[in-house]
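Visitor: Please give me a close look at a single part of this model, and then connect that part with its surroundings. I would like the terms defined as they come up.

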Amino acid sequence: MPKDNIERAIKNAMGKDQSDYKSMTYEGYGPHGIAIFVDTLTDNPTRTVGDVRSVFNKFNGNLGTMGSLAYLFDHKCVFSFKKKDGLDMDEMILELIDFGVEDEYDEDEEEGSITIYGDPKSFNLIQKHLEENGFEVVGAEFTYIPNDLKDVTPEERESIDKMVERLEEFDDVQTVYTNMKPE
């Protein structure tokens with residue numbers, strides 16, 4: 001048996017290589033004009049777009065082209081870290097502005113943590129700075145934050161939530177974002 005056939009069989013037995021996966025974002029309007037972003041990680045974009053499109057169609061939505069709703073959301077990286085005693089957040093933010101961090105932050109007194117927002121391109125620089133300065137990072141992710149939140153009625157919220165739940169059932173879907181105002 002040729003060596004190539006053996007190597008191919010071993011590779012198939014081990015499963016798909018992670019390099020076969022692509023990060024794809026689908027965007028469109030759901031019921032009641034709510035903007036929806038769907039982040040996916042897939043080894044089969046054709047299957048995934050078909051799955052996502054079928055959910056948009058089922059809920060009377062429109063799947064748009066890539067970038068068609070980008071103006072409605074800001075793409076950011078988000079870091080949460082444990083607050084140190086005696087930390088002056090104003091000074092820290094001034095340091096981090098050079099790394100693309102925004103001057104606004106959230107503080108959770110109960111958890112003793114701080115959340116900062118920054119430019120996704122600066123993710124590695126921000127993470128490195130926090131770690132080098134001895135901060136315990138408890139969360140780091142990329143997210144889409146809506147610029148303009150829309151009010152919905154309880155009935156509208158129910159149908160949008162059903163759509164989001166249906167999208168999240170797919171293995172390839174990582175996260176679903178909407179511009180629906182929280183309850």
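Guide: Glu 107 counts as partly exposed, because its relative accessibility is 33% (buried means under 20% relative accessible area, exposed over 50%, and partly exposed in between, with a 1.4 Å probe and protein chains only). This is a predicted model, in which local features need pLDDT of at least 70 and side-chain atom pairs count only at pLDDT 80 or more, while totals for chains, interfaces and linings use all residues. Residues are numbered from 1 along each chain as its sequence is written, and side-chain values use heavy atoms, with hydrogens and water left out.

Glu 107 forms a salt bridge with Lys 83, and the closest N and O atoms of the pair are 2.7 Å apart (a salt bridge is a side-chain nitrogen of Lys or Arg within 4 Å of a carboxyl oxygen of Asp or Glu). Because Glu 107 lies in strand E5 and Lys 83 in the loop between strand E4 (73-82) and H3, the pair ties together parts that are 24 residues apart in sequence; helices (H or I, at least four residues) and strands (E, at least two) are DSSP runs, numbered from the N terminus. Lys 83 is likewise partly exposed, at 36% relative accessibility.

The loop that holds Lys 83 leads to H3, a helix in which Met 89, Met 92, Ile 93 and Leu 96 are buried. Seen down the axis of H3, these buried residues fall within an arc of 100 degrees, so they line one face of the helix; the arc is that of the directions from the helix axis to the C-beta atoms. On the other side of H3, the exposed residues are Asp 90, Glu 91 and Leu 94.

Asp 90 and Glu 91 also belong to a negative surface patch, which they form with Asp 88, Glu 95 and Asp 98. Such patches are made of residues with over 30% relative accessible area and no salt bridge, like charges being joined within 9 Å and nonpolar side chains (Val, Leu, Ile, Met, Phe, Trp, Tyr) within 5 Å. Lys and Arg count as positive and Asp and Glu as negative, with His and the chain ends not counted, and the place of a charge is taken as NZ of Lys, CZ of Arg, CG of Asp or CD of Glu. The accessible areas come from the Shrake-Rupley method with a 1.4 Å probe, and for residues only the protein chains shown count as cover. Within the patch, Asp 98 lies in the loop between helix H3 (89-97) and strand E5 (101-108), and counts as exposed because its relative accessibility is 69%.

Beside Lys 83 in the sequence, Lys 82 leads to another part of the model: Phe 135 and Lys 82 are 53 residues apart in sequence and 6.6 Å apart in space, C-alpha to C-alpha. Phe 135 sits in the loop between H4 and strand E7 (137-146), and counts as buried at 10% relative accessibility. In helix H4 (residues 123-132), the buried residues are Phe 123, Ile 126, His 129 and Leu 130. Seen down the axis of H4, they fall within an arc of 140 degrees, so they line one face of the helix, whereas the face turned away from this buried side carries the exposed residues Asn 124 and Glu 132.

A search of the whole structure finds eight salt bridges, and another of them joins Arg 47 to Asp 172, whose closest N and O atoms are 2.6 Å apart. Since Arg 47 lies in helix H2 (residues 45-58) and Asp 172 in the loop between helix H5 (154-168) and strand E8 (173-178), this pair ties together parts that are 125 residues apart in sequence. Arg 47 is partly exposed, with a relative accessible area of 35%, but Asp 172 counts as buried at 10% relative accessibility. Both residues are linked with Asp 43 in a network of salt bridges. A further salt bridge brings together the side chains of Arg 166 and Glu 169 (2.7 Å, N to O); here Arg 166 is partly exposed, with a relative accessible area of 30%, and Glu 169 is exposed at 52%.

For the wider setting, the protein has five helices and eight strands, and buried residues make up 34% of its 183 residues.
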